[in-house]
Amino acid sequence: MAGRRLVTLTLLAAAFLAAAPGGAGSKPSAKFELIHRGQAPWDEVARMDQERTAFISSHARRRATEAGRAKPKPKAKAKAAPADEAFAMPLSSGAYTGTGQYFVRFRVGTPARPFLLVADTGSDLTWVKCRRHAAPAPAPAPAPGYNYGYGAPASNDSSSVSAAASSPARVFRPDRSRTWAPIPCSSDTCTASLPFSLAACPTPGSPCAYEYRYKDGSAARGTVGTDSATIALSGRRAGKKQRRAKLRGVVLGCTTSYTGESFLASDGVLSLGYSNVSFASRAAARFGGRFSYCLVDHLAPRNATSYLTFGPNPAVSSASASRTACAGSAAAPGARQTPLLLDHRMRPFYAVAVNGVSVDGELLRIPRLVWDVQKGGGAILDSGTSLTVLVSPAYRAVVAALGKKLVGLPRVAMDPFDYCYNWTSPLTGEDLAVAVPALAVHFAGSARLQPPPKSYVIDAAPGVKCIGLQEGDWPGVSVIGNILQQEHLWEFDLKNRRLRFKRSRCMQ
């Protein structure tokens, strides 16, 4: 998980919000702060991205073969919040730590305890490092584990590390939370709704156990329960302090041990993936059917802050549309929108329909099947991948077109990139004033993502810039990573199956 963004918090079907009513004219919201932790070496970032992308592609193929098998039970509808109500969490870049992650501050339990969780659109379990009053169940054999595609530095030894020993100042103690309730291993929730649960069930009342295994052999183990999360509503009554509210019945993993170094920089994961149990899906269902985030520049200062918001965001979706039967179906002025493909083969990832890629206005010759999920391709938007990964036919066309425009610059070799350039003037020692060709990703619905040049011709070393794309295997899935997403506001409208986006500096 190092160099990754993970975020998972999940609500049961009976989850609801307990909050004081807002004052007249107020539009309450609550905010999660996202904190981006520092930049890992580029070769390590690329390795982890490749491992995650390989998992995503294999995951899509496996999902396709599972079509027609037993489907999960439909989730019950939670009581909806008022149309204009939202909550959000501050979100910031954590480049200062060297891990390349975006973090969110999250409070869970009663009394509430603060934790620093990784935000990830590819996760469907929220978990925190945990210490149980009773001894945890023996670690299960690795075979049944739920394998996620996040890479991490390999551990020097394979012994299990106690979660409590790693960061004792921030360890969740379920026995000290008045609202913690373990989920029995014999329950339908454990056996049918949680794909990461293990089959072992010593007694019907034993807690539901899980194991997350990662591509490098790292793993997180523990048991699943429910608890309450505390959120801060941003709407203020006159003369009153910021209001707090409880999200009850949040599905929470209590990780008691792990192997590898994937989890050293955070207290756990907050899931933003699309599934019946993810925090994003459940919280969005309660707050307008949507969530949004804005990722600050991955090299932004430590105090740069943006927000992960659940509920309507007037910056990207029309406020008037939220009051109609077609709630949330219109984009705000300046925002683009395209269909959000919630394909069962891609879950918990969010797929988008790509029509093509252009460089300086010229549409490149890339086979259309590269973007077709049914033909072994497709594209997803992923906060957990740093560098954008394009499958071979698309990658070769894009880097060749960009490289052709930069042919006058001296090439230098630098792993893990294929195209790097000496961007320093031999006369002044300053960066050369070279025009970077304009890159655009064309989505269905005439929506175009036109990222700033620094998002695809990146600063790789002092005086050196590289085309910051990676080549993925074909057939396979292309991944629009968080660096290409930076300085854009993204709204995932799950209810109306729309993705909206707009340029933004993200900082508030």
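S278 is buried in this predicted model. Its relative accessible area is 0%, and because the limit for a buried residue is under 20%, S278 falls within that class. The residue sits in the loop between β15 (268-271) and α4 (279-286). A polar atom of the S278 side chain lies 2.4 Å from the backbone oxygen of G273.

The helix that follows this loop, α4, is mostly covered. Of its 8 residues, 7 are buried. F279, A280, S281 and R282 belong to this buried set, together with A283, A284 and R286. After α4 comes G288. The phi of G288 is positive, near 75 degrees.

The protein chain as a whole has 508 residues, and buried residues make up 57% of them. Its secondary structure comprises 6 helices and 33 strands. Among contacts with a separation of 6 or more, 78% link residues 24 or more positions apart. The chain exposes about 20,400 Å². Carbon and sulfur atoms supply 54% of that area.

Two residues carry an annotation from a record. UniProt, in an unreviewed entry, lists D120 and D382 under "active site". They are spread over 263 residues of sequence, yet they cluster in space, with a largest C-alpha distance of 7.6 Å. D120 is found in strand β7 (residues 113-120). D382, by contrast, is found in a loop, between β22 (379-381) and β23 (388-391). D120 has a relative accessible area of 0% and is therefore buried. D382 is likewise buried, with a relative accessible area of 0%. The side chain of D120 also makes a polar contact of 2.9 Å with the side chain of S123.

One of the sheets is open and has 4 strands. Their order is β24-β25-β29-β28, and the pairing is antiparallel. Strands β24 (411-414) and β28 (457-461) stand at the edges. Each has a single partner strand, so one side of each is left without a neighbour in the sheet. From one strand to the next, the twist averages 45 degrees. Helix α5 (residues 392-405) packs on this sheet. The helix touches β25 and β29, and its direction makes about 10 degrees with that of β25.

Within the sheet, strands β25 (residues 417-422) and β29 (residues 464-467) run antiparallel and are joined by 3 bridges. C420 stands opposite C466 of β29. On the other pairing of β29, the partner is β28, again antiparallel, over 4 bridges. Here I458 stands opposite C466. C466 thus faces C420 in one pairing and I458 in another. In general, strands of a sheet pair through backbone hydrogen bonds, in either a parallel or an antiparallel sense.

β28 and β29 form a hairpin with 2 residues between the strands. In this hairpin G463 takes a positive phi, near 80 degrees. Beyond the turn, the residues of β29 point in two directions. V464 and C466 point one way, while K465 and I467 point the other way. All of these residues are buried.

Towards the end of the numbering, K502 offers a further example of a long-range neighbourhood. K502 is placed in strand β33 (residues 498-503). Its relative accessibility is 26%, so K502 counts as partly exposed. The lower bound of that class is 20% and the upper bound is 50%.

Which residues does K502 contact, leaving aside its neighbours within four places in sequence? They are A315, V316, P333, G334, A335, H488 and L489. A315 is 187 residues from K502 along the chain, and their C-alpha atoms are separated by 8.1 Å. A polar atom of the K502 side chain lies 3.4 Å from the backbone oxygen of A315.

Terms used: Residues are numbered from 1 along each chain as its sequence is written. This is a predicted model: local features need pLDDT of at least 70, side-chain atom pairs count only at pLDDT 80 or more; totals for chains, interfaces and linings use all residues. Side-chain values use heavy atoms; hydrogens and water are left out. Buried means under 20% relative accessible area, exposed over 50%, partly exposed in between (1.4 Å probe, protein chains only). Contact means heavy atoms within 4.5 Å. Accessible areas come from the Shrake-Rupley method with a 1.4 Å probe; for residues, only the protein chains shown count as cover. A polar contact is a pair of N or O atoms within 3.5 Å; within protein, one must be able to donate a hydrogen and the other to accept it, and residues adjacent in sequence count only if both atoms are side-chain atoms. Two strands pair if DSSP finds at least two bridges between them. Axes are lines fitted to C-alpha atoms, for helices over the stretch in contact, and angles run from 0 to 180 degrees between N-to-C directions. UniProt positions are given in the numbering used here, feature names are shortened, and annotations may be inferred rather than shown by experiment.
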